[in-house]
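Here are some notes to read alongside the structure. Keep the view open and find each element as we come to it.

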Amino acid sequence: MAVCLLVCVSCGDDDNDSNVGNSEVAALKAVLLDDDGQIAFETTEASGVYKIGLLSLTDARSLVSLYAGDGFTGKTYTYTLANNKGAVQVVVGDNGVYYQIRFAVKGIPQFVLNLVDEGGNAFGMKHTCNVCGYQWISTINRCPRTGSRSYHP
Ligand SMILES: [Zn+2]
């Protein structure tokens, strides 16, 4: 995982707080969930399916690597967390979806995230993160890579 995180050392989780799986879950929570513990992406009509608009395949792959680790090469891939903490399945998308990511991780609501191709969408409003420079379409008000709410325009 290429994610920086702060791990609480005294939370009293149900098992060993210092295990690798818990660290991996914490890293995912930091980028997937908002301050209220809810999934931080835009909902769709389908239950449990969320989406984010991205501008290029390169941007989509960058985001998948953040969620699924360096083992992801651009093809369908499953990232298995340590200590039986679940898995993140990445499927190559179609019909305007770069990738579909299926999160089944302990401690995070099970959900599907579609990375939607908005590269040619002149009507989409683009946000650029002030922390990491990542760009996404403005249906969510935080960077999907860092969680930062500092962006422009
Ligand atoms: Zn960012």
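The points below go from the whole chain to its helices, sheets and one loop residue.

1. Please keep in mind that this is a predicted model. The chain has 2 helices and 9 strands. Read from the N terminus, the elements follow the order α-β-β-α-β-β-β-β-β-β-β.

2. Now for the chain as a whole. It has 153 residues, and 29% of them count as buried. If you take the contacts between residues at least 6 apart in sequence, 45% of these join residues at least 24 apart.

3. Let's turn to helix 1, which covers residues 20-32 and so has 13 residues. From its first C-alpha to its last it reaches 18 Å, close to the 18 Å expected at 1.5 Å a residue. Which residues of helix 1 are buried? They are Asn22, Glu24, Val25, Ala27, Leu28 and Leu32. Helix 2 (57-68) and strand 5 (97-105) are included in what covers them.

4. Next, look at the sheet with 6 strands. It is open, its strands come in the order 1-2-6-5-4-3, and the pairing is mixed. Strand 1 and strand 3 (77-80) stand at the edges; each has a single partner strand, so one side of each is left without a neighbour in the sheet. As a general reminder, strands of a sheet pair through backbone hydrogen bonds, either parallel or antiparallel.

5. You can follow one pairing of that sheet in detail. Strand 1 and strand 2 (residues 49-54) run antiparallel and are joined by 2 bridges. Try finding threonine 43: its bridge partner in strand 2 is tyrosine 50.

6. Where does helix 2 lie? Helix 2 lies across strand 2, strand 3, strand 4 (86-92), strand 5 and strand 6 (111-117). It runs at about 10° to strand 5.

7. There is also an open sheet of 3 strands, in the order 8-7-9, with antiparallel pairing. Its edges are strand 8 (135-137) and strand 9 (151-152); each has a single partner strand, so one side of each has no neighbour in the sheet. Strand 7 (residues 126-129) is joined to strand 8 by 3 bridges, and the two run antiparallel. Lysine 126 stands opposite isoleucine 137 in strand 8.

8. Finally, find glycine 37, in the loop between helix 1 and strand 1 (42-43). Is glycine 37 buried or exposed? Glycine 37 is exposed, because 11 other C-beta atoms lie within 10 Å, and 12 or fewer count as exposed. Glycine 37 and isoleucine 108 are 71 residues apart in sequence, yet 8.3 Å apart in space, C-alpha to C-alpha.

Methods
Residues are numbered from 1 along each chain as its sequence is written. This is a predicted model: local features need pLDDT of at least 70, side-chain atom pairs count only at pLDDT 80 or more; totals for chains, interfaces and linings use all residues. Helices (H or I, at least four residues) and strands (E, at least two) are DSSP runs, numbered from the N terminus. The expected span of a helix is 1.5 Å times one less than its number of residues. A residue is buried if 20 or more other C-beta atoms lie within 10 Å of its own, exposed if 12 or fewer, and partly exposed in between; C-beta atoms are placed from the backbone. Two residues are in contact if their C-beta atoms, placed from the backbone, lie within 7 Å. Two strands pair if DSSP finds at least two bridges between them. Axes are lines fitted to C-alpha atoms, for helices over the stretch in contact, and angles run from 0 to 180 degrees between N-to-C directions.
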